[in-house]
Amino acid sequence: MKLNTLNTKKQRVLRWMVLLTFGLHTAVYSQNYPNTDTKTNQYQNTSFHTVVEIPEMPKLPKTAKNIILLIGDGMGSAQVYAGLTANKGQLNLMQFPYSGYSITTSASNYITDSAAGGTALSTGKKTYNGAIGVDTAGTPIKTILEIAEEMGKGTGLVSSSSITHATPASFIAHQPERGMQEEIAADFLKTDIDVFIGGGKKYFDQRTDSVNLLKELEQQGYTVVDNLPAIESCKADKIAGFIGTEHGDKMPERGNALTISTQKALEVLSNKMNGFFLMVEGSQIDWGGHANNSDYLVAEMIEFDEAIGRVLEFAKKDGETLVIVTADHETGGYAINPGSTMDTIIPAFTTDKHTAALIPVFAYGPGAELFRGIYENTAIYWKMVHALGFDKKEEVSGGSGAGENGE
Ligand code: MG
Ligand code: ZN
């Protein structure tokens, strides 16, 4: 067993505890394993092998008219499998014909936060933890949502956290620090987004500058709705929907708000002649991980998968929609421990923070085959841009010669 270098004393103690537990287990139950030396876990790159070069992305038989990117914040493979277990052995995620893995390191940290992770997906650039749609120098980078707008497509964001929180913010805002949620809210009005639904109403109407952004949204043609029944019945073609002053509730108190909001966004965007880009975030899988609460995490995972189901139904009928499901990082070092069955999960967590685990990527629709393999999180942006056929044009900003495979 090899684990990578961790920093704090607490983490080191925790790791030894985990190793000790595994060690005892191994000693008691399975004495056939070789005795591995776990004292050596410094990787100084004095001894390693180089890898084979492969050519760039293949030509696509067909470009995608629409892209729907679903991000399960903090969703690693064990989170997926826990959801699958709790849902009696099935998930919509199992219907995806292509899958791969992404590497989530940020420009500043071995382990990313959701801001740098979101910005990698939205712009194809690695940046520092905390950055919202800006590069390491703090310069704004055009996002996939903004590119979709330039292409004349409709755009939408849906989240079960505040819509100004790091993940959705990374697709629409450009701010040096994720905590600047009032500034992030103001950035929404600089765009032409058609529909956004999430929490965070207070960053629009209870601001320190006393400006009521909800009034400004209405002046820009949005119908503002602030409860789930109103969101569900809204027939407007520009919607600003709020499911909370701060965040959406957790499940089940939220009442499938993520699924209903996703359905509404699809209704609005399916009318767009030139197609659309939609990002949907299952935000609170991450919070279940931070809380080391397996039941919380599983309930969030299951609602996220229900939203995925609505998206797949749409994409199946439409035939021109690329659907991608992934995460920004794993949270909790979540494991499903020995003794678990299809009826009971015995969970374990190695941390209450994010981890560096490889993150699964699932894809369906035109361009889905691009998402096989292991690649940087930034490559997901380049694959989306490629699937849209936009990288044939010269004005892809933020590319700076990084190439289609990211950087
Ligand atoms: Mg998030
Ligand atoms: Zn987190």
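A residue counts as buried when its relative accessible area is under 20%, and as exposed when that figure is over 50%, with partly exposed residues in between. Keep that idea in hand as we walk through this structure, which is a predicted model.

Let's try the definition out on helix 6, which covers residues 181–188. Six of its eight residues are buried, so this helix is largely enclosed by the rest of the structure. The buried ones are Gln 181, Glu 182, Ile 184, Ala 185, Asp 187 and Phe 188. What does the covering? Strand 3, helix 5, strand 4, helix 7 (202–205) and helix 8 (213–219) are among the elements that cover the buried residues of helix 6.

Now turn to the sheet. It is an open sheet of ten strands, and if you step across it you meet them in the order 5-6-4-3-7-1-8-13-2-14, with mixed pairing. Strand 5 (223–225) and strand 14 (373–376) are the edge strands, since each of them pairs on one side only. From one strand to the next, the twist averages 15°. It helps to remember that strands of a sheet pair through backbone hydrogen bonds, either parallel or antiparallel.

Start at the edge with strand 5. Strand 5 and strand 6 (residues 239–242) run parallel and are joined by three bridges. Here you can find Val 224 standing opposite Ala 240 in strand 6.

Move along to strand 7, residues 276–282. Strand 7 has a parallel partner in strand 1, with six bridges between them, and another parallel partner in strand 3, again over six bridges. On the strand 1 side, Ile 71 has Glu 281 of strand 7 as its bridge partner. On the strand 3 side, Gly 156 stands opposite Leu 278 in strand 7.

Is strand 7 enclosed or open to the outside? Seven of its seven residues are buried, so strand 7 is largely enclosed by the rest of the structure. In a regular strand the side chains alternate between the two faces of the sheet. You can follow this pattern here: Phe 276, Leu 278, Val 280 and Gly 282 point one way, while Phe 277, Met 279 and Glu 281 point the other way, and all are buried. Helix 10 (residues 257–269) lies across strand 7 and also across strand 1 (66–72), strand 3 (154–162), strand 4 (195–199) and strand 6. The helix runs at about 175° to strand 7.

Glu 281 leads us to a metal. Together with Asp 73 and Thr 167, Glu 281 is a protein donor of the magnesium ion (ligand 1), and these donors lie 2.0 to 2.3 Å from the ion. Along the sequence, the spacing of the donor residues is D-x93-T-x113-E. Asp 73 sits in the loop between strand 1 and helix 2 (77–86), and Thr 167 sits in helix 5 (residues 166–172), so this pair ties together parts that are 94 residues apart in sequence. Asp 73 has 2% relative accessibility and therefore counts as buried. Thr 167, at 1%, counts as buried too.

The second metal is a zinc ion (ligand 2), coordinated by two OD atoms of Asp 286, by NE2 of His 290 and by NE2 of His 354, at 2.1 to 2.3 Å. The spacing of these donors along the chain is D-x3-H-x63-H. Asp 286 and His 290 are four residues apart in helix 11 (residues 285–290), which means that about one helical turn separates them. Why is the arrangement around the zinc ion called irregular? The four donor atoms subtend angles of 57 to 151°, whereas a tetrahedral site needs all angles to lie between 85 and 135 degrees. Asp 286 counts as buried because its relative accessibility is 5%, but His 290, at 31%, counts as partly exposed.

Two more helices round off the tour. In helix 12 (residues 294–318) you will find Gly 309, which counts as buried at 10% relative accessibility. The C-alpha atoms of Gly 309 and Thr 259 are 8.8 Å apart, although their positions lie 50 residues apart along the chain. Helix 13 (residues 377–388) has twelve residues, and at 1.5 Å a residue it should span 16 Å; its end C-alpha atoms are 18 Å apart, which agrees. Helix 13 is mostly covered, with twelve of its twelve residues buried, including Tyr 381, Trp 382 and Lys 383. Just after this helix, Gly 389 takes a positive phi of about 80°.

Definitions and conventions: Residues numbered from 1 in each chain as written. Chains lettered and ligands numbered in written order. Predicted model: local features only at pLDDT ≥ 70, side-chain atom pairs only at ≥ 80, totals over all residues. Heavy atoms only, no water. Donors = N, O, S within 2.8 Å, 3.2 Å for Na, K, Ca; no water. Tetrahedral: all angles 85-135°; square planar, octahedral: opposite > 155°, others 65-115°. Helix = DSSP H or I, 4+ residues; strand = E, 2+ residues; numbered from the N terminus. Buried < 20%, exposed > 50% of the residue type's maximum accessible area, 1.4 Å probe, protein only. Pairing = 2+ DSSP bridges. Axes fitted to C-alpha atoms, helices over the stretch in contact; angles between N-to-C directions. Contact = heavy atoms within 4.5 Å. Expected span 1.5 Å × (residues − 1).
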